[in-house]
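User: I would like a close look at a single part of this protein, taken slowly and with the surrounding framework kept in view.

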Amino acid sequence: MLLPLLLGWIWISAQAEGRMVQPFNSGWSFKKSPTNKELALITNQWNNGWEKVEVPHTWNAKDMQVKAADFYEGVGYYKKEYLFPLELKDKRVFLRFEGVGSCTEVYVNGTLATTHKGGYSAFACEIGPLLKAGKENEILVKADNSARPDVIPVNHSLFGVYGGIYRPVWMIVTDPCNISVTDHASSGVYISQKNVSKKKADVIVKVKLDNATLQPVPIVLQQIIYDQKGRQIAKKEKNLELSQQGIQTIETAFELKNPTLWQGRHNPYLYKVACRLIQNGEVKDEVIQPLGLRHYEIIPGKGFYLNGEKYPMYGVTRHQDWWGLGSALKNENHDFDLAAIMDIGATTVRFAHYQQSEYLYSRCDTLGLIIWAEIPFVNRVTGQEAENARNQLRDMIRQSFNHPSIYVWGLHNEVYQPHTYTRELTQSLHDLAKTEDPDRYTVAVNGYGHMEHPVNGNADIQGMNRYFGWYEKTIPDIKPWIENLEKTYPHHKFMLTEYGADANIHHQTEYVGEALNWTKEFYPETFQTKTHEYQWSVIAAHPYIIASYLWNMFDFSAPMWERGGVPARNMKGLITFDRKIKKDSYFWYKANWSKDPVLYLSQRRNKDREKKVTTVTIYSNIGQPQVFLNGKEVTEPRKGYTDVHYIIDSVTLTTGRNELKAVVTYKGKTYEDTIEWFYNGEKKRETDSSANTNAHSGF
């Protein structure tokens with residue numbers, strides 16, 4: 001019987017036949033580099049001061065979040081003693097690291113086993129030949145999160161690269177013949193699909209096989225497709241003489257009749273594909289992968305289509321770090337974030353600006369979220385990062401190839417000069433992505449808003465980040481900008497890939513203009529709310545915007561900056577960094593996107609009112625509310641920017657405490673929301689309405 005949720009290959013393989021997959025997360029010791037030099041193995045500095053830790057772990061969980069530009073950036077060491085059982089001496093042993101920030105060297109008993117450059121993709125190495133059977137073995141990991149010009153991201157400017165082994169580590173044990181473990185730390189299985197419809201789907205399963213013996217090995221490759229209830233619906237077997245020289249690639253074609261399609265949040269139906277190596281009737285290795293049958297199509301000017309049906313792309317973005325934890329998250333942290341994303345009614349997520357957890361991607365498969373995965377080629381160009389950018393893209397594609405939720409590979413975000421170098425590198429990344437995976441889209445993102453910009457036009461989709469009213473111009477300027485693009489470039493696949501404004505929940509005012517100078521220290525939540533109210537209404541009215549992604553679902557660490565009265569923080573999230581407070585904008589989107597009933601009075605934290613005659617705003621997707629001030633019904637609300645937006649102008653407060661209540665009866669049930677305001681005399685706050693014309697990313 002299938003597990004109810006297919007959680008990705010590593011989780012299912014732990015229960016598969018033939019190979020053993022076990023966590024390798026406990027028993028580690030950690031210390032920061034004892035000197036600025038290399039290992040210094042013979043000194044007292046090296047031998048003393050080790051701290052017992054559990055992986056996932058980062059050494060920047062606090063210092064990267066509390067003070068601007070003051071955190072440890074450098075080398076940290078992890079070591080662990082491992083008793084290698086005698087009974088495994090004829091097996092192959094691998095270590096698989098899901099994520100280490102950011103450049104890594106792995107040593108086994110003092111011998112280098114592998115290196116890896118990049119803090120967000122997984123990597124695997126075979127350590128069996130370096131282990132001593134029946135004895136204690138030392139595993140040593142050197143991690144370095146120093147910014148480097150040859151490893152993306154090349155700085156900590158947009159977000160911090162947390163140092164350490166911050167994602168899980170696994171030990172994988174197989175027989176000498178296996179489904180490849182070290183093919184860019186992928187599953188070794190690649191599932192492609194063509195001609196997907198309700199009548200049929202063509203599925204091609206490519207498996208990479210590895211024979212570590214010195215002789216050809218007769219073996220059977222068995223591949224079975226199961227439906228969601230665990231019933232076998234297709235099976236093929238191939239008799240092979242597996243060569244001892246080089247990894248062998250075997251392809252098998254299936255035609256599935258009348259399949260159930262993966263239909264996003266409506267029906268995220270998953271099959272599973274089991275690939276087994278059988279020798280003398282015994283399963284020697286097995287890898288299980290999810291299969292969601294779907295077809296994505298973007299039609300310029302019309303929208304996004306899933307399996308031939310137009311599908312709404314209500315998008316949010318997500319950084320992976322949490323307050324007090326950094327990037328060293330557990331599955332329950334990812335589940336919390338996904339629950340909030342689902343609750344708001346989002347249908348698509350841009351996981352920015354780097355490859356994120358495998359568990360997270362797998363959960364998106366089961367939840368029906370359509371997702372964007374990208375590499376951390378962001379913010380700056382050095383001229384030395386090209387090889388690493390290509391390597392990280394290849395890693396991401398191979399490791400994430402079988403997730404049906406992924407529709408696009410992100411190539412870069414706001415990288416520009418030198419233009420020629422950046423353009424050519426983006427072209428090569430696009431070509432690499434299409435070579436590795438011809439069936440998915442690619443996207444590159446610009447922050448200037450000009451389609452004719454010299455780095456544009458080198459991916460399938462052109463994304464643009466725009467912060468009207470925050471970094472440039474005014475909030476309403478988004479509308480003529482979009483209409484001009486729509487008129488001038490009607491054939492482009494175009495997405496609005498970031499928009500929004502910062503909101504410090506402790507900053508409140510009724511006086512908000514059409515622009516806010518982001519360099520100031522006052523970041524009122526009310527300005528963020530106004531930005532999202534208007535700009536979403538414009539987005540919703542323009543199908544030319546194939547998908548939009550608000551920035552950001554959660555506040556996150558920005559360790560190089562101090563803005564809005566909080567150091568090391570980007571506050572553009574709809575939810576605070578500690579995940580405790582949902583800002584007003586959260587409920588704005590939930591009312592517009594979600595099918596769950598929403599009735600919400602905004603400005604509940606703006607309690608100290610500055611005006612006696614003020615405005616009341618309500619979000620309701622269950623009908624027009626009645627509103628009461630201090631027990632008396634006030635004027636009937638008028639409609640605002642969308643059908644869920646209700647506004648009552650010229651509401652007169654009394655001195656002291658005021659209670660506001662909104663009431664709606666919907667399908668026989670009464671819904672209420674109540675807040676309190678205080679008025680103690682007129683106050684006036686001068687707002688800065690200057691406009692800044694520079695292009696910026698999520699800041």
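User: How much space lies in the largest pocket? Please also describe its lining, and then go on to the cores and the open sheet.

Analyst: In this predicted model, the largest pocket holds about 470 Å³ of space. Its lining is made up of 20 residues, and those nearest the centre of the pocket are Val512, Glu533, Gln603, Thr615 and Thr617. By character, the lining residues comprise three that are nonpolar, nine that are polar and eight that are charged. Three elements each contribute at least two lining residues, namely α9 (525–540), β36 (613–620) and β40 (645–652), and of the contributors to this lining α9 gives the most, with four residues.

Turning to the nonpolar interior, the largest nonpolar core has 83 residues, within which Leu369, Leu393, Trp470, Trp481, Met553 and Tyr589 touch the most other members. Helix α10 (residues 584–593) provides the largest share of this core, six residues. Another core, of 29 residues, lies apart from it and includes Cys177, Ile250, Tyr271 and Cys275. As a general background, nonpolar side chains tend to be buried together in soluble globular proteins.

As for the sheet, five strands form an open arrangement in the order β35-β42-β41-β37-β38, and their pairing is mixed. At its edges stand β35 (608–609) and β38 (632–633), each of which pairs on one side only. Strand β37 (residues 626–629) runs antiparallel to β38 and is joined to β38 by two bridges, and Phe628 stands opposite Glu633 in β38.

Key
Residues numbered from 1 in each chain as written. Predicted model: local features only at pLDDT ≥ 70, side-chain atom pairs only at ≥ 80, totals over all residues. Heavy atoms only, no water. 1 Å grid on protein atoms, 1.4 Å probe; cavity = no way out; pocket = protein on both sides within 12 Å on 5 of 7 lines; lining within 4 Å. Points joined across faces, edges and corners; volume = space filled by probe spheres on them. Nonpolar A, V, L, I, M, F, W, Y, C, P; charged D, E, K, R; others polar. Core = buried A, V, L, I, M, F, W, Y, C linked by side-chain atoms within 4.5 Å. Buried < 20%, exposed > 50% of the residue type's maximum accessible area, 1.4 Å probe, protein only. Pairing = 2+ DSSP bridges.
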